[in-house]
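Please look through the sequence and the model shown here before reading on. The report then takes up a few of its parts in turn.

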Amino acid sequence: LKYSPVWCSNPTLSAQSSRHQAGGAMCAAMIPYTQYVLSNLETQLQLEVTVLPCAQDRTAILLQIPSERFIRILESGHADAEGHGGAWCRFVPIPHDSGCVLLRRGPWRLAASGKELQGTSAETATV
């Protein structure tokens, strides 16, 4: 399976006004306490998330889904939406040439194939 690690972050309507007030922040600078629909660039997968700040790492964000769980990538590279907000849930958004974003956690990038989440190696991933 080929996994796509590129995500477009579209703020919800209520978040667009807060983004405008924040000076029109770029996509990769995802605004804490803002709701987004993350759309995978090459698949049909969309994730409704609220971006939360990470108290332990100011460069990282947490991606909370409506069930109040968090998206995470485990040490093995397996990704899911069953996290509790710990270290495996911390993502650093990285701008992509397309205007979208890569979401990196340690040696992994959050990726998707079809409706399945997965971590892909940040060192070997091609985008």
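The text below treats strand pairing, the core, one residue of that core region and the cysteines.

This is a predicted model, in which local features need pLDDT of at least 70 and side-chain atom pairs count only at pLDDT 80 or more, whereas totals for chains, interfaces and linings use all residues. Residues are numbered from 1 along each chain as its sequence is written, and side-chain values use heavy atoms, with hydrogens and water left out.

Strands here are DSSP runs of E with at least two residues, numbered from the N terminus, and two of them pair if DSSP finds at least two bridges between them. Strand β7 (residues 90-95) pairs in the antiparallel sense with strand β4 (residues 61-64) over two bridges, and Ile 61 stands opposite Phe 91 of β7. With strand β8 (residues 101-105), β7 pairs in the antiparallel sense over four bridges, and Pro 95 has Val 101 in β8 as its bridge partner. Five residues lie between β7 and β8 in the hairpin that they form, and in its turn Gly 99 has a positive phi of about 95°.

A nonpolar core is a set of buried Ala, Val, Leu, Ile, Met, Phe, Trp, Tyr and Cys residues joined through side-chain atoms within 4.5 Å, where buried means under 20% relative accessible area with a 1.4 Å probe, protein chains only. The largest such core has 22 residues, of which Trp 7, Leu 63, Ile 71, Leu 103 and Leu 110 touch the most other members. Two or more residues come from each of β2 (34-40), β3 (46-53), β4, β5 (70-73), β8 and β9 (108-113).

Leu 38 lies in strand β2 and is buried, with a relative accessible area of 0%. Leaving aside neighbours within four places in sequence, its contacts (heavy atoms within 4.5 Å) include Trp 7, Cys 8, Leu 63 and Leu 103.

How many disulfides, that is, pairs of cysteine sulfur atoms within 2.5 Å, does the structure hold? The structure holds one, and this disulfide joins Cys 8 to Cys 100 with 2.1 Å from S to S. The pair links distant parts of the chain, since Cys 8 is in strand β1 (residues 6-11) and Cys 100 is in the loop between β7 and β8, 92 residues apart. Both Cys 8 and Cys 100 are buried. Two cysteines that are in no disulfide are set out below.

| Cysteine | Nearest cysteine sulfur | Relative accessibility |
|---|---|---|
| Cys 54 | Cys 89, 9.5 Å | 5%, buried |
| Cys 89 | Cys 54, 9.5 Å | 2%, buried |

How values were computed:
Buried means under 20% relative accessible area, exposed over 50%, partly exposed in between (1.4 Å probe, protein chains only). Contact means heavy atoms within 4.5 Å. A disulfide is a pair of cysteine sulfur atoms within 2.5 Å.
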